Amino acid sequence: MTTKAPKTTSSIVFQVFRGDDAAGREERFEVPAVEGMVVLDAIHYIQANYANDLACRWNCKAAKCGSCSAEINGRPRLMCKTRVDEFGKDEIHVWPMRAFPLIKDLVTDVSWNYQVNKEIPGFTPPANEPVPYRMLPEDTERVYEYRKCIECFLCQDVCHVLRNHDDKSMYYGPRYMVRIAALEMHPLDTERRTGLLHGKAGVGMCNITKCCQEVCPEHIKITDNAIIPLKERTTTDAYDPIAWMLRKVRPRREPAGITGAQTSELGGVRLPQRFAVKDVVRLKSAGRPFARVGGVRPDGKLEVWILKMRGTQQHWKGPSVVDTSEVTNNYGPLDDVGIGSKLFEQTLTDHAE
Ligand code: SF4
Ligand code: SF4
Ligand code: FES
């Protein structure tokens, strides 16, 4: 079918996909050329003048909402960011993203992405981290890049692992490697997601073709700065025997809220636990002393050994029982903090575990 443009200036020919998941074909439209026009303008012109029922998704027309993703002359792009004059006199073919089920015309069902998103453990700061969070600017710089993502899913569309096999069970896709990188490299995050990456998220499926990186409208270096570092971390955690041994002797700091391994029992109910034996904490009591967690009691209270200073000498006095509300900060394992660790070994060995 051909629809002619009103007789104004020169016109551009658009071949736009029309149809649903049962059947579809391209329809030809002529649209008057206007200086500075983008593909989304042409789609709006077609809707207004020729095909009121043409389905397309858009919101901002400013390349920020990530809604207007489509395939323009076979390349995944934002319609609102693609100028028509870059194609010269050539016809412009506009198709929906082909990695996702088609709903109608240019609109696809991207809900699978949101399901994947829910499977990724969210930001998990250390126990008792004071709010508002304080971080050094140089520690936060790395995650800025990942946070530019507008969830347009163009990278998901171009990734051959998701696109060519019609089976999304093997790999979360580049968008979610970016999200996991943002969490893993956050200076205050304590969660370890390499097990997920090695398993269901499937980082090993990526063969670093960099196609995702080339189509990202936010110019995120998806492969270089997210996927490759995540592959390195995952390989270290999954296969490096020295890293495995270090994890055994120096477990990571426990996150705030519920933790799996360090819960205590009360009548068979596993209580949320924010403290681990050997954590160094600061108490509210006079002088705000440091203390060492020697045990977590079934009622949730802590047995602590308080750090006392006599001149240049220090020793740990205890045990005392305190409520968790007495703790103003948890600095994590003694091995990491290093406060009086030698003396601790001398005096608390029998009580610590
Ligand atoms: S680099 Fe990896 S994630 Fe990106 S398109 Fe290629 S296979 Fe997919
Ligand atoms: S990483 Fe880039 S291409 Fe992928 S969803 Fe985010 S903004 Fe879009
Ligand atoms: S309309 Fe928002 S990104 Fe194109």
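Let me start with Pro319, which lies in strand S14, residues 313-322. The peptide bond into this proline, from Gly318, is cis, and omega is near 0°. Keep in mind that this is a predicted model.

There is another cis bond. Val131 and Pro132 are joined by a cis peptide bond, with omega about 5°. Where is Pro132? In the loop between helix H2 (111-118) and helix H3 (137-146).

One more backbone item, Asp105. Asp105 is not a glycine, yet its phi is positive, at about 50°. The residue sits in the loop between strand S7 (102-104) and strand S8 (107-108). For context, most peptide bonds are trans, and most residues other than glycine have a negative phi.

Now confidence. The average pLDDT of the protein chain is 83. Residues scoring at least 70 make up 81%. Where does it drop? Residues 255-273 stay under 50. That stretch still has 34 contacts in the model beyond four places in sequence. Residues 340-353 are also below 50, with 22 contacts beyond near neighbours in sequence. Where pLDDT is low, the predicted coordinates should not be read in detail. So much for the caveats.

On to the ligands. Ligand 1 first. How many residues surround ligand 1? The count is 14. The closest are Cys159, Pro174, Cys206, Thr209 and Cys212. Three helices give two or more residues to this shell: H5 (160-163), H8 (211-215) and H9 (222-239). By class, the shell around ligand 1 holds nine nonpolar, four polar and one charged residues.

Ligand 2 next. Its shell has 16 residues. Which come nearest? Cys149, Cys152, Cys155, Arg175 and Cys216. Helix H4 (154-158) and helix H6 (174-184) are the elements giving two or more residues here. H6 gives the most, with three residues. The class split is 13 nonpolar, no polar and three charged.

That brings us to a helix pair. H6 contributes to the ligand 2 shell, and H9 contributes to the ligand 1 shell. How do H6 and H9 pack? Two packed helices are described by the angle between their axes and the distance between the axes. For H6 and H9 the angle is about 65°, and the axes are 9 Å apart. The two helices are therefore roughly perpendicular to each other. Their crossing is left-handed.

Which residues make the contact? On the H6 side, they are Pro174, Met177, Val178, Ile180, Ala181 and Glu184. On the H9 side, they are Ile222, Ala226, Ile227, Pro229, Leu230 and Arg233. By class, this contact has 10 nonpolar, no polar and two charged residues.

One residue links two parts of this talk. Pro174 is among the closest residues to ligand 1, and Pro174 is also one of the H6 residues that meet H9.

To recap the backbone: cis bonds at Val131 to Pro132 and at Gly318 to Pro319, plus the positive phi at Asp105. And on confidence, pLDDT is under 50 over residues 255-273 and below 50 over residues 340-353. That is my summary.

Technical notes: Residues numbered from 1 in each chain as written. Chains lettered and ligands numbered in written order. Predicted model: local features only at pLDDT ≥ 70, side-chain atom pairs only at ≥ 80, totals over all residues. pLDDT = per-residue confidence, 0-100. Contact = placed C-beta atoms within 7 Å. Near = placed C-beta within 6 Å. Helix = DSSP H or I, 4+ residues; strand = E, 2+ residues; numbered from the N terminus. Nonpolar A, V, L, I, M, F, W, Y, C, P; charged D, E, K, R; others polar. Axes fitted to C-alpha atoms, helices over the stretch in contact; angles between N-to-C directions. Parallel < 35°, antiparallel > 145°, perpendicular 65-115°, else oblique. Left-handed = near helix turned anticlockwise from the far one by under 90°.
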